[in-house]
Amino acid sequence: MVKHIVLFQLNDELQGERREQVKQDFRNGIMALPEVIPFIRNIEVEFNVNPKEQYDIALYSEFDCLDDVKAYAVHPQHAEVAGIIRPYMKNRACVDYEIGE
């Protein structure tokens, strides 16, 4: 199994209600993906509650193998959801790691 963890930092210019709406739209879009991408084994999106940290959003997901992660990355529905956050993204960090059976 491969765990795929992504952290997103939003631009400082995105503030207030618009910032919260973008975050919620992104979460809703991601959470709908398992219906159209069947090889997603688990997925969740949460918002950072610690204002002293630099990243705003954490995405955690699980896949059977790294090839599934790669297929997810280029899947058209994933690309559409990524487009929600892309214009407002300041930084992104990602780690993919395998765990034993």
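In this predicted model, Ile-57 is buried, with a relative accessible area of 2%, and it lies in strand 3. Leaving aside its neighbours within four places in sequence, Ile-57 is in contact with Val-6, Leu-7, Phe-8, Leu-10, Lys-23, Phe-26, Val-45, Glu-46, Phe-47 and Ile-85. Glu-44, which is 13 residues from Ile-57 in sequence, is 11 Å from Ile-57 in space, C-alpha to C-alpha.

Two of these contacts, Lys-23 and Phe-26, also appear among the buried residues of helix 1, which are Arg-19, Val-22, Lys-23, Phe-26, Gly-29 and Ile-30. These buried residues cover an arc of only 130 degrees around the axis, which puts them on the same side of helix 1. In an α-helix there are 3.6 residues a turn, so residues three or four places apart point the same way. The cover over the buried residues of helix 1 includes strand 1 (2–10), strand 2 (42–47), strand 3 (57–63), helix 2 (66–74) and helix 3 (76–85). As for its length, helix 1 (residues 16–32) has 17 residues that should span 24 Å at 1.5 Å a residue, and its end C-alpha atoms are 25 Å apart, which agrees.

The cysteines are taken up next.

| Cysteine | Relative accessible area | Closest cysteine sulfur |
|---|---|---|
| Cys-65 | 30%, partly exposed | Cys-94, 15 Å |
| Cys-94 | 33%, partly exposed | Cys-65, 15 Å |

A search of the whole structure finds 0 disulfides. A disulfide is a covalent bond between the sulfur atoms of two cysteines, and the sulfur of Cys-65, at 15 Å from that of Cys-94, is too far for a bond.

Key
Residues are numbered from 1 along each chain as its sequence is written. This is a predicted model: local features need pLDDT of at least 70, side-chain atom pairs count only at pLDDT 80 or more; totals for chains, interfaces and linings use all residues. Side-chain values use heavy atoms; hydrogens and water are left out. Helices (H or I, at least four residues) and strands (E, at least two) are DSSP runs, numbered from the N terminus. The expected span of a helix is 1.5 Å times one less than its number of residues. Buried means under 20% relative accessible area, exposed over 50%, partly exposed in between (1.4 Å probe, protein chains only). The arc is that of the directions from the helix axis to the C-beta atoms. Contact means heavy atoms within 4.5 Å. A disulfide is a pair of cysteine sulfur atoms within 2.5 Å.
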